[in-house]
Amino acid sequence: MSEGERAKPRRRRGRRRGRRSAGPPEAATSDTANPPTAPLPGPVPGHQVDSQAKSPSNRSGRRTPERLRTVHETSAGGLVIDGIDGPADGQVAALIGRVDRRGRMLWSLPKGHIEQGETAEQTAIREVAEETGIQGSVLAALGSIDYWFVTEGRRVHKTVHHYLMRFLDGELSDEDVEVTEVAWVPLTDLPSRLAYADERKLAEVAGQLIAKLQADGPGSLPPLPPSSPRRRPQTHSHTRNRRPDDTPQTGRRANGCGQGP
């Protein structure tokens, strides 16, 4: 066979199956001037992410809650007893009732803010007169209740000083717009009538002081703690008809007695 007639070698043709690129046709070209763009990497652990970027945590548009301003409020009130020198079954206490948001009547001790120029004892006498219509005199301190609540964009720490008081004169009246009802309640019924655990504990203290008063006279009662007139006005939060458990935030009391008035 001559060289001209010698068969030329056959060019091997690659199989198409399995040799096609998984990407678009442009990705298989040899053009290196404009290489395909690589996907952007995700956030690297330990690096901060732009707070303005949308993410599952902030797509709802919620803003970080601002820190609330903390204020301190001080009030005073009293447990007024009629028949304090007589037998236990004849002793009655003046209570006020207010209807809460759920329509329940809640009974508690009369109390209110200490105004500028007043001592805690003077406030207790004035608030009792305003909320019940009767006059009383302070005999001894029952104790203080403090608690936290949030209202009107503020975080409030409130302290209430309570006093044992002797009934002097007057008739019960519910003319105060913040009071729904007033009533004389037997001293023995206070544990079941008072709405708040802290005030029920104060009623127990009152019973002990009354027993000491009858046995040993007024001189046996502990002296009143010092109380100076308030120098500055204070805030007045509208929480008269609100239970602490109805507020967005409440705190544990310093005395550990539970929910307060």
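The following questions and replies go through a predicted model and ask what lies behind the terms used for its parts.

Me: Why is strand 1 called largely enclosed by the rest of the structure?

Reply: Strand 1 covers residues 69-82, and ten of its 14 residues are buried, so the strand is described as largely enclosed by the rest of the structure. One residue of this strand is V71, and its relative accessible area is 8%, which falls under the 20% cut-off, so V71 is called buried.

Me: What does V71 touch, leaving out residues up to four places away in sequence?

Reply: V71 touches R154, R155, V156, H157 and T235. With V156, the C-alpha atoms are separated by 5.0 Å, although the two residues are 85 residues apart along the chain.

Me: How do you know that strand 1 and strand 6 pair, and in which sense?

Reply: Pairing needs at least two bridges, and strand 1 and strand 6 (residues 154-170) have 13 of them, in the parallel sense, so the two strands count as paired. Within this pairing G78 has Y163 as its bridge partner, while S75 has V160.

Me: What makes strand 2 a partner of strand 1, and in which sense do they pair?

Reply: Strand 1 and strand 2 (residues 92-99) share two bridges in the antiparallel sense, and since the rule asks for at least two, they count as a pair. In this pairing, D82 is matched with V92. Strand 4 (residues 111-113) also pairs with strand 1 in the antiparallel sense, over three bridges, and there S75 stands opposite H113.

Me: Which strands form a hairpin with two residues between them?

Reply: The hairpin is formed by strand 5 and strand 6, which pair in the antiparallel sense over 16 bridges, with W148 standing opposite H157. E152 lies in the loop between these strands, and its phi is near 55 degrees, a positive value in a residue other than glycine.

Me: Why is E152 called partly exposed?

Reply: The relative accessibility of E152 is 49%, and because this is neither under 20% nor over 50%, the residue is placed in between, as partly exposed.

Me: Which residues of the largest nonpolar core touch the most other members?

Reply: This core has 28 residues, and those touching the most other members are L79, I81, L95, L142, L164 and L190. The elements giving two or more residues to the core are strand 1, strand 2, strand 5, strand 6, strand 7 (181-186) and helix 3, and helix 3 gives the most, with six residues. A second, separate core has twelve residues, including A76, V80, A124 and Y163. In soluble globular proteins, nonpolar side chains tend to be buried together.

Me: What is L164 in contact with, leaving aside its neighbours within four places in sequence?

Reply: The contacts of L164 include L79, I81, I84, L142, A206, L209 and I210.

Me: How do you know that E199 and K111 form a salt bridge?

Reply: Their closest N and O atoms are 3.2 Å apart, and since a salt bridge requires a distance within 4 Å, the pair qualifies. E199 lies in helix 3 and K111 in strand 4, so the pair ties together parts that are 88 residues apart in sequence. E199 has 0% relative accessibility and K111 has 10%, so with a cut-off of under 20% both count as buried. The side chain of E199 also reaches the backbone nitrogen of L109 at 3.1 Å.

Me: What makes E131 and R98 a salt bridge?

Reply: Their side chains meet at 3.0 Å, N to O, which is within the 4 Å cut-off, so the pair is counted as a salt bridge. E131 lies in helix 1 (residues 120-132) and R98 in strand 2, so the pair ties together parts that are 33 residues apart in sequence. Both E131 and R98 are buried.

Me: Are R104 and D100 buried or partly exposed?

Reply: R104, at 32% relative accessibility, counts as partly exposed, whereas D100, with a relative accessible area of 7%, is buried. The side chains of these residues meet in a salt bridge at 2.7 Å, N to O.

Technical notes
Residues are numbered from 1 along each chain as its sequence is written. This is a predicted model: local features need pLDDT of at least 70, side-chain atom pairs count only at pLDDT 80 or more; totals for chains, interfaces and linings use all residues. Side-chain values use heavy atoms; hydrogens and water are left out. Buried means under 20% relative accessible area, exposed over 50%, partly exposed in between (1.4 Å probe, protein chains only). Helices (H or I, at least four residues) and strands (E, at least two) are DSSP runs, numbered from the N terminus. Contact means heavy atoms within 4.5 Å. A polar contact is a pair of N or O atoms within 3.5 Å; within protein, one must be able to donate a hydrogen and the other to accept it, and residues adjacent in sequence count only if both atoms are side-chain atoms. A nonpolar core is a set of buried Ala, Val, Leu, Ile, Met, Phe, Trp, Tyr and Cys residues joined through side-chain atoms within 4.5 Å.
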